[in-house]
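Me: Please take a close look at a single part of this model and tell me how it fits into the rest. Start from one residue and work outwards, and keep it plain.

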Amino acid sequence: PYAAKLNAGYEHKAQVRPSTGLPDVKESFQVTARPDVMASRWPTPRVEGAARELMNKAFDLAAEVMSLLEVNIPHLEPGTLRNAHTLWTNESQVTLRMLHYPPIRSDDDEPPEGSMRAGAHTDWTCVTLLFQRPGNEGLECASKFHNTWVPVDPVAGGVAVNIGDMLAHWSQHSLLSNLHRVRMPDDPTKDRYSIAYFAQADQSQVITTTDPVTGKVSAITAADYIKGRLKSNYDGDASFKEEEAS
(Lines give C-alpha, C1' and ligand atoms only; values in the text may rest on other atoms or scores of the structure.)
Protein backbone atom coordinates (compact mmCIF):
# COMPACT_ATOMS: atom_id res chain seq x y z
CA PRO A 1 0.00 0.00 0.00
CA TYR A 2 1.01 3.60 -0.53
CA ALA A 3 2.48 5.38 2.50
CA ALA A 4 2.12 9.13 1.96
CA LYS A 5 4.53 10.01 4.78
CA LEU A 6 7.20 7.87 3.12
CA ASN A 7 6.18 8.75 -0.44
CA ALA A 8 6.47 5.09 -1.44
CA GLY A 9 4.39 2.10 -2.46
CA TYR A 10 1.40 1.37 -4.69
CA GLU A 11 -1.51 3.76 -5.09
CA HIS A 12 -4.70 3.52 -7.14
CA LYS A 13 -6.60 6.73 -7.87
CA ALA A 14 -5.41 8.13 -4.55
CA GLN A 15 -3.90 11.42 -5.71
CA VAL A 16 -6.39 14.28 -5.73
CA ARG A 17 -5.14 17.33 -7.60
CA PRO A 18 -6.16 20.76 -6.29
CA SER A 19 -6.68 21.79 -9.94
CA THR A 20 -9.54 19.31 -10.45
CA GLY A 21 -10.60 18.28 -6.95
CA LEU A 22 -10.81 14.76 -8.34
CA PRO A 23 -8.56 11.70 -8.15
CA ASP A 24 -6.17 11.24 -11.05
CA VAL A 25 -7.28 8.37 -13.28
CA LYS A 26 -4.12 6.35 -12.77
CA GLU A 27 -2.29 3.82 -10.66
CA SER A 28 1.39 3.91 -9.80
CA PHE A 29 4.20 2.29 -7.88
CA GLN A 30 6.51 4.79 -6.25
CA VAL A 31 10.10 4.05 -5.19
CA THR A 32 11.90 6.37 -2.78
CA ALA A 33 15.64 5.69 -2.76
CA ARG A 34 16.05 5.08 0.98
CA PRO A 35 16.79 1.55 2.24
CA ASP A 36 14.45 1.83 5.25
CA VAL A 37 11.54 2.95 3.08
CA MET A 38 11.72 0.20 0.45
CA ALA A 39 12.82 -2.73 2.62
CA SER A 40 9.40 -4.47 2.52
CA ARG A 41 7.78 -2.78 -0.46
CA TRP A 42 9.39 -4.38 -3.52
CA PRO A 43 6.82 -6.55 -5.35
CA THR A 44 9.51 -8.83 -6.86
CA PRO A 45 13.33 -8.99 -7.00
CA ARG A 46 13.12 -8.38 -10.77
CA VAL A 47 11.27 -5.09 -10.28
CA GLU A 48 13.80 -4.05 -7.64
CA GLY A 49 16.76 -4.80 -9.91
CA ALA A 50 15.28 -2.97 -12.90
CA ALA A 51 14.28 0.04 -10.80
CA ARG A 52 17.70 0.36 -9.21
CA GLU A 53 19.44 0.12 -12.59
CA LEU A 54 17.23 2.81 -14.12
CA MET A 55 17.59 5.07 -11.09
CA ASN A 56 21.39 4.84 -11.24
CA LYS A 57 21.42 5.92 -14.87
CA ALA A 58 18.78 8.60 -14.37
CA PHE A 59 20.71 9.97 -11.38
CA ASP A 60 23.73 10.65 -13.59
CA LEU A 61 21.63 12.21 -16.35
CA ALA A 62 19.73 14.43 -13.90
CA ALA A 63 23.03 15.55 -12.35
CA GLU A 64 24.27 16.64 -15.79
CA VAL A 65 21.04 18.52 -16.48
CA MET A 66 21.19 20.30 -13.10
CA SER A 67 24.82 21.26 -13.68
CA LEU A 68 23.78 22.97 -16.92
CA LEU A 69 20.87 24.76 -15.27
CA GLU A 70 23.03 25.84 -12.33
CA VAL A 71 24.92 28.23 -14.62
CA ASN A 72 21.80 30.40 -14.56
CA ILE A 73 21.64 30.52 -10.74
CA PRO A 74 24.51 32.85 -9.79
CA HIS A 75 23.97 32.65 -6.02
CA LEU A 76 24.74 28.90 -6.01
CA GLU A 77 28.27 27.56 -5.89
CA PRO A 78 29.12 25.22 -8.78
CA GLY A 79 28.23 21.64 -7.89
CA THR A 80 25.61 22.61 -5.28
CA LEU A 81 22.72 20.88 -7.03
CA ARG A 82 24.65 17.74 -7.94
CA ASN A 83 25.96 17.40 -4.38
CA ALA A 84 22.50 17.99 -2.87
CA HIS A 85 21.20 14.65 -4.17
CA THR A 86 22.11 11.09 -3.17
CA LEU A 87 20.76 7.62 -3.93
CA TRP A 88 20.11 4.86 -1.38
CA THR A 89 21.16 6.83 1.67
CA ASN A 90 19.05 7.60 4.73
CA GLU A 91 18.82 11.20 3.48
CA SER A 92 17.65 10.54 -0.07
CA GLN A 93 14.36 11.87 -1.41
CA VAL A 94 14.95 10.85 -5.01
CA THR A 95 11.98 8.90 -6.32
CA LEU A 96 10.98 6.79 -9.31
CA ARG A 97 7.33 6.46 -10.25
CA MET A 98 6.04 3.75 -12.57
CA LEU A 99 2.75 5.01 -13.96
CA HIS A 100 -0.17 3.25 -15.61
CA TYR A 101 -3.19 5.17 -16.85
CA PRO A 102 -5.83 2.45 -17.32
CA PRO A 103 -8.33 2.21 -20.16
CA ILE A 104 -12.04 2.84 -19.76
CA ARG A 105 -13.84 -0.19 -21.14
CA SER A 106 -17.27 0.08 -19.55
CA ASP A 107 -19.65 2.52 -17.91
CA ASP A 108 -18.48 1.17 -14.54
CA ASP A 109 -14.96 2.47 -15.32
CA GLU A 110 -16.19 5.91 -16.38
CA PRO A 111 -14.61 8.59 -14.13
CA PRO A 112 -16.51 11.68 -12.94
CA GLU A 113 -16.93 14.55 -15.37
CA GLY A 114 -13.87 16.81 -15.36
CA SER A 115 -11.44 14.01 -14.52
CA MET A 116 -7.95 13.93 -15.97
CA ARG A 117 -5.39 11.17 -16.13
CA ALA A 118 -3.25 13.66 -14.23
CA GLY A 119 -4.78 16.99 -13.32
CA ALA A 120 -2.84 20.17 -14.05
CA HIS A 121 0.09 20.48 -11.64
CA THR A 122 3.72 21.39 -11.25
CA ASP A 123 6.28 18.88 -9.98
CA TRP A 124 7.79 19.20 -6.51
CA THR A 125 11.27 18.38 -7.73
CA CYS A 126 14.44 20.06 -8.77
CA VAL A 127 14.31 18.19 -12.10
CA THR A 128 11.99 15.52 -13.48
CA LEU A 129 13.00 13.07 -16.20
CA LEU A 130 10.02 11.45 -17.92
CA PHE A 131 10.34 8.28 -19.95
CA GLN A 132 7.29 7.89 -22.20
CA ARG A 133 6.30 4.89 -24.29
CA PRO A 134 6.05 5.81 -28.01
CA GLY A 135 2.43 5.98 -29.07
CA ASN A 136 1.26 6.92 -25.57
CA GLU A 137 0.34 10.56 -26.07
CA GLY A 138 -1.51 12.76 -23.59
CA LEU A 139 1.13 14.83 -21.77
CA GLU A 140 0.63 18.57 -22.27
CA CYS A 141 2.44 21.66 -20.97
CA ALA A 142 0.85 25.05 -20.41
CA SER A 143 2.01 27.86 -22.69
CA LYS A 144 1.66 31.17 -20.89
CA PHE A 145 2.47 32.99 -24.14
CA HIS A 146 -0.41 31.46 -26.10
CA ASN A 147 -2.78 30.63 -23.24
CA THR A 148 -3.10 27.07 -24.45
CA TRP A 149 -1.86 23.52 -23.86
CA VAL A 150 1.05 22.22 -25.93
CA PRO A 151 1.43 18.45 -26.53
CA VAL A 152 4.66 16.83 -25.33
CA ASP A 153 4.41 13.63 -27.32
CA PRO A 154 6.82 10.72 -26.82
CA VAL A 155 9.91 10.58 -29.03
CA ALA A 156 11.65 7.24 -29.51
CA GLY A 157 14.85 7.28 -27.45
CA GLY A 158 13.98 10.68 -25.98
CA VAL A 159 13.53 11.84 -22.39
CA ALA A 160 11.26 14.74 -21.43
CA VAL A 161 12.90 17.11 -18.91
CA ASN A 162 10.94 19.35 -16.58
CA ILE A 163 12.04 21.89 -13.97
CA GLY A 164 10.15 21.49 -10.69
CA ASP A 165 9.04 23.73 -7.84
CA MET A 166 12.03 22.97 -5.63
CA LEU A 167 14.50 24.25 -8.22
CA ALA A 168 12.28 27.19 -9.15
CA HIS A 169 12.21 28.17 -5.47
CA TRP A 170 15.96 27.63 -5.09
CA SER A 171 16.67 29.75 -8.20
CA GLN A 172 14.52 32.54 -6.75
CA HIS A 173 12.19 31.89 -9.66
CA SER A 174 14.67 32.69 -12.38
CA LEU A 175 13.80 29.18 -13.62
CA LEU A 176 10.19 28.25 -14.39
CA SER A 177 8.39 25.23 -12.96
CA ASN A 178 5.96 24.58 -15.79
CA LEU A 179 2.33 23.59 -15.33
CA HIS A 180 1.49 20.31 -17.08
CA ARG A 181 -1.19 17.64 -17.20
CA VAL A 182 -2.10 14.31 -18.79
CA ARG A 183 -5.41 14.64 -20.60
CA MET A 184 -7.97 11.91 -21.08
CA PRO A 185 -7.39 10.04 -24.36
CA ASP A 186 -9.44 10.41 -27.52
CA ASP A 187 -9.71 6.61 -27.49
CA PRO A 188 -10.84 5.74 -23.94
CA THR A 189 -9.85 2.08 -24.37
CA LYS A 190 -6.17 3.01 -24.75
CA ASP A 191 -3.68 2.58 -21.88
CA ARG A 192 -0.81 4.94 -21.19
CA TYR A 193 2.47 3.95 -19.56
CA SER A 194 5.33 6.16 -18.41
CA ILE A 195 8.10 6.30 -15.80
CA ALA A 196 9.02 9.49 -13.98
CA TYR A 197 12.32 10.09 -12.17
CA PHE A 198 12.13 12.88 -9.60
CA ALA A 199 15.41 14.48 -8.51
CA GLN A 200 14.61 15.89 -5.07
CA ALA A 201 17.34 17.18 -2.77
CA ASP A 202 18.32 15.24 0.36
CA GLN A 203 16.22 15.70 3.49
CA SER A 204 18.63 17.90 5.48
CA GLN A 205 19.67 20.03 2.51
CA VAL A 206 18.81 23.64 3.31
CA ILE A 207 17.33 25.67 0.47
CA THR A 208 18.13 29.31 1.10
CA THR A 209 16.63 32.22 -0.83
CA THR A 210 16.80 36.01 -0.57
CA ASP A 211 13.85 38.29 -1.28
CA PRO A 212 15.11 40.66 -4.02
CA VAL A 213 12.99 43.54 -2.65
CA THR A 214 13.31 43.26 1.14
CA GLY A 215 16.62 41.36 1.33
CA LYS A 216 15.02 38.95 3.80
CA VAL A 217 16.76 35.57 3.83
CA SER A 218 14.51 32.52 4.19
CA ALA A 219 15.40 28.86 4.47
CA ILE A 220 13.56 25.57 4.37
CA THR A 221 14.90 22.04 4.45
CA ALA A 222 14.20 19.88 1.45
CA ALA A 223 12.39 17.45 3.77
CA ASP A 224 9.95 20.11 4.93
CA TYR A 225 9.45 21.27 1.38
CA ILE A 226 8.45 17.78 0.22
CA LYS A 227 6.25 17.21 3.28
CA GLY A 228 4.34 20.35 2.42
CA ARG A 229 3.84 19.32 -1.19
CA LEU A 230 2.69 15.83 -0.18
CA LYS A 231 0.18 17.35 2.21
CA SER A 232 -1.16 19.67 -0.48
CA ASN A 233 -1.73 16.76 -2.88
CA TYR A 234 -3.16 14.20 -0.47
CA ASP A 235 -4.75 16.32 2.27
CA GLY A 236 -5.70 19.47 0.36
CA ASP A 237 -3.49 21.70 2.53
CA ALA A 238 -0.97 23.68 0.50
CA SER A 239 0.86 25.22 3.45
CA PHE A 240 4.45 24.43 4.29
CA LYS A 241 6.86 25.63 6.90
CA GLU A 242 9.59 28.16 6.22
CA GLU A 243 12.00 29.48 8.80
CA GLU A 244 14.02 32.64 8.72
CA ALA A 245 17.70 31.82 8.29
CA SER A 246 19.99 32.68 11.16
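Reply: With a relative accessibility of 34%, Lys13 counts as partly exposed, since buried means under 20% and exposed means over 50%. The model is a predicted one. Lys13 sits in the loop between β1 and β2. Its phi is positive, about 50°, although Lys13 is not a glycine. Most residues other than glycine have a negative phi. Gln172 is another such case, with a positive phi of about 60° although it is not a glycine. Gln172 belongs to the loop between α4 and β9 (180-182), and its relative accessibility of 32% makes it partly exposed.

The loop that holds Lys13 leads into the sheet, which is the part to look at closely. Strand β1 pairs with β2 (residues 27-32) in the antiparallel sense, over four bridges. One of the bridge partners can be picked out directly: His12 is matched with Glu27 in β2. Strand β2 also runs antiparallel to β3, and six bridges join these two. Here Gln30 stands opposite Arg97 in β3. From β3 the pairing continues to β10, again antiparallel, over seven bridges. In that pair Tyr101 faces Arg192 of β10 as its opposite number.

Taken as a whole, the sheet is open and has six strands, in the order β1-β2-β3-β10-β5-β8, with antiparallel pairing. The edges are β1 (9-12) and β8 (160-163); each has a single partner strand, so one side of each is left without a neighbour in the sheet. From one strand to the next the twist averages 20°. In general, strands of a sheet pair through backbone hydrogen bonds, and in a regular strand the side chains alternate between the two faces of the sheet.

Strand β3 is mostly covered, with six of its seven residues buried. Thr95 is in this strand and is buried, at a relative accessible area of 1%. Setting aside neighbours within four places in sequence, the contacts of Thr95 include Gln30, Val31 and Thr32, as well as Ala196, Tyr197 and Phe198. Asn7, Met55 and Gln200 are also in contact with Thr95.

Met55 leads to the helix on the sheet. Helix α2 (residues 45-70) lies across β2, β3 (95-101), β5 (127-132), β8 and β10 (192-199), and runs at about 130° to β5. Not counting residues up to four places away in sequence, Met55 touches Val31, Ala33, Leu87, Trp88, Val94, Thr95, Leu96 and Tyr197. Phe59 is in α2. By the same kind of count, Phe59 touches His85, Thr86, Leu87 and Tyr197. The C-alpha atom of Phe59 is separated by 26 Å from that of Gly135, which is 76 residues away along the chain.

What do these contacts belong to? Met55, Leu167 and Tyr197 touch the most other members of the largest nonpolar core, which has 42 residues. The elements that give two or more residues to this core are β2, α1 (35-38), α2, β5, α4 (165-170), β10 and α5 (222-234). Helix α2 gives the most, with eight residues. There is also a second, separate core of nine residues, which includes Leu99, Tyr101, Ala118 and Val182. Tyr101 is thus a member of the second core and also the residue opposite Arg192 in the sheet.

For the setting of this part in the chain, the secondary structure comes to five helices and 13 strands. The radius of gyration is 18 Å, close to the 18 Å that the globule rule gives for 246 residues, so the protein is as compact as a globular protein of that length. Along the principal axes, the C-alpha atoms fill a box of roughly 60 × 45 × 35 Å. Of the 246 residues, 47% count as buried. Among contacts between residues at least 6 apart in sequence, 72% join residues at least 24 apart. The protein exposes about 12500 Å², of which carbon and sulfur atoms supply 54%.

Key: Residues numbered from 1 in each chain as written. Predicted model: local features only at pLDDT ≥ 70, side-chain atom pairs only at ≥ 80, totals over all residues. Heavy atoms only, no water. Pairing = 2+ DSSP bridges. Axes fitted to C-alpha atoms, helices over the stretch in contact; angles between N-to-C directions. Contact = heavy atoms within 4.5 Å. Core = buried A, V, L, I, M, F, W, Y, C linked by side-chain atoms within 4.5 Å. Buried < 20%, exposed > 50% of the residue type's maximum accessible area, 1.4 Å probe, protein only. Rg over C-alpha atoms; globule rule 2.2 N^0.38 Å. Areas by Shrake-Rupley, 256 points an atom, 1.4 Å probe, with all protein chains shown as cover.
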